[in-house]
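Grab a viewer and a notepad. Try each exercise yourself before you read the solution below it.

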Amino acid sequence: MLIAMKRELFDSLTPEHLGRACIEPVLLPLRGKRPSVKAEVYQGLTVGQRALFMFHVWHDHACGSALEFYCWLAYTRQEFSYWIGIQAGLRFFDQESIIALLVEMNDVLEERNERLGKSLADVTGQDLEEDALLRETVDRIYHDYRQHVPDTFLTIYRYIRSHPEEFISFSVE
């Protein structure tokens with residue numbers, strides 16, 4: 001499912017905006033849809049689009065705050081296919097440093113839940129209000145994540161520029 005785009009627009013987009021422009025037309029219509037519909041669309045994507053899709057499934061939900069980062073990680077761990085897909089997408093773009101941060105956050109969640117006898121389904125934003133050490137850890141990991149994101153956008157940008165045929169159908173008008 002290639003995205004129709006004018007060459008001039010493609011050439012003008014910044015690293016952060018090029019990836020979004022290449023996947024947002026796929027993502028937006030899927031909001032609120034059943035997982036089976038999302039899976040069907042995902043299967044119709046190129047390998048590069050799948051990686052970009054999963055990066056944005058992660059980043060767009062987790063980037064706004066440490067709280068969103070924490071809660072979205074717990075959610076994606078519950079939805080195992082998301083967790084595996086996100087890691088695969090990041091690995092495709094050689095983003096091992098971000099994967100390491102997500103794994104570290106996951107380890108923090110698992111240790112905390114085991115210690116408290118809770119499950120991932122029990123994770124809420126209130127956890128960060130009630131546990132200062134958890135809040136400090138999540139804030140640090142989230143900060144580190146945000147430091148790596150510009151490089152991720154740049155890597156994605158370079159990949160798309162080198163392989164536009166995986167993402168774009170250049171329109172004439």
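What follows is a set of exercises on helix packing, a pocket and a few single residues.

Ground rules: this is a predicted model, where local features need pLDDT of at least 70, side-chain atom pairs count only at pLDDT 80 or more, and totals for chains, interfaces and linings use all residues. Residues are numbered from 1 along each chain as its sequence is written, and side-chain values use heavy atoms, with hydrogens and water left out.

**Exercise 1.** Work out how α4 and α5 are oriented to each other, and list the residues that make the contact.

Step 1: find the helices, which are DSSP runs (H or I, at least four residues) numbered from the N terminus. Helix α4 covers residues 47–62 and helix α5 covers residues 66–78.

Step 2: get the geometry. The axes lie 8 Å apart, at an angle of about 140°; axes here are lines fitted to C-alpha atoms over the stretch in contact, and angles run from 0 to 180 degrees between N-to-C directions.

Step 3: classify. Under 35 degrees is roughly parallel, over 145 roughly antiparallel, 65 to 115 roughly perpendicular and the rest oblique, so α4 and α5 come out as oblique.

Step 4: list the contact (heavy atoms within 4.5 Å). From α4 you get V57, W58, H61 and A62, and from α5 E68, F69, W72, L73 and T76. They split into six nonpolar, two polar and one charged, where Ala, Val, Leu, Ile, Met, Phe, Trp, Tyr, Cys and Pro are nonpolar, Asp, Glu, Lys and Arg charged, and the others, Gly among them, polar.

**Exercise 2.** Do likewise for α5 and α7.

Step 1: helix α7 spans residues 96–116, and its axis comes within 10 Å of that of α5, crossing at roughly 80°. That makes the two helices roughly perpendicular.

Step 2: α5 brings F69, Y70, L73, A74 and R77 to the contact, while α7 brings L102, M105, N106, L109, E110 and R112. By class, this contact has seven nonpolar residues, one polar and three charged.

**Exercise 3.** Decide whether H56 and H59 are buried or exposed, and find their contacts beyond four places in sequence.

Step 1: H56 lies in helix α4, and H59 is found in helix α4 too.

Step 2: apply the cut-offs (buried under 20% relative accessible area, exposed over 50%, partly exposed in between, with a 1.4 Å probe and protein chains only). H56 has 2% relative accessibility, so it is buried; H59, at 3%, is buried as well.

Step 3: H56 touches G19, R20, I23, L27, H61 and F153. The partners of H59 are R20, Y145, R146, V149 and F153.

**Exercise 4.** Which helix supplies the largest share of the lining of the largest pocket?

Step 1: 23 residues line the pocket, and L27, K38, F53, V57 and Y82 are the closest to its centre.

Step 2: α2 (15–27), α3 (35–43), α4, α5 and α6 (80–92) each give at least two lining residues. The largest share, six residues, comes from α4.

Step 3: sort by class and you have twelve nonpolar, four polar and seven charged residues.

**Exercise 5.** What is the sign of phi at D94, and where does D94 sit?

Step 1: most residues other than glycine have a negative phi. D94 has a positive value, near 55°.

Step 2: D94 belongs to the loop between α6 and α7 and is exposed, given its relative accessible area of 60%.

Conventions:
On a 1 Å grid over the protein atoms alone, a cavity is a set of points where a 1.4 Å probe fits but cannot get out, and a pocket is an open set with protein on both sides within 12 Å along at least five of seven lines; lining residues have an atom within 4 Å of a point.
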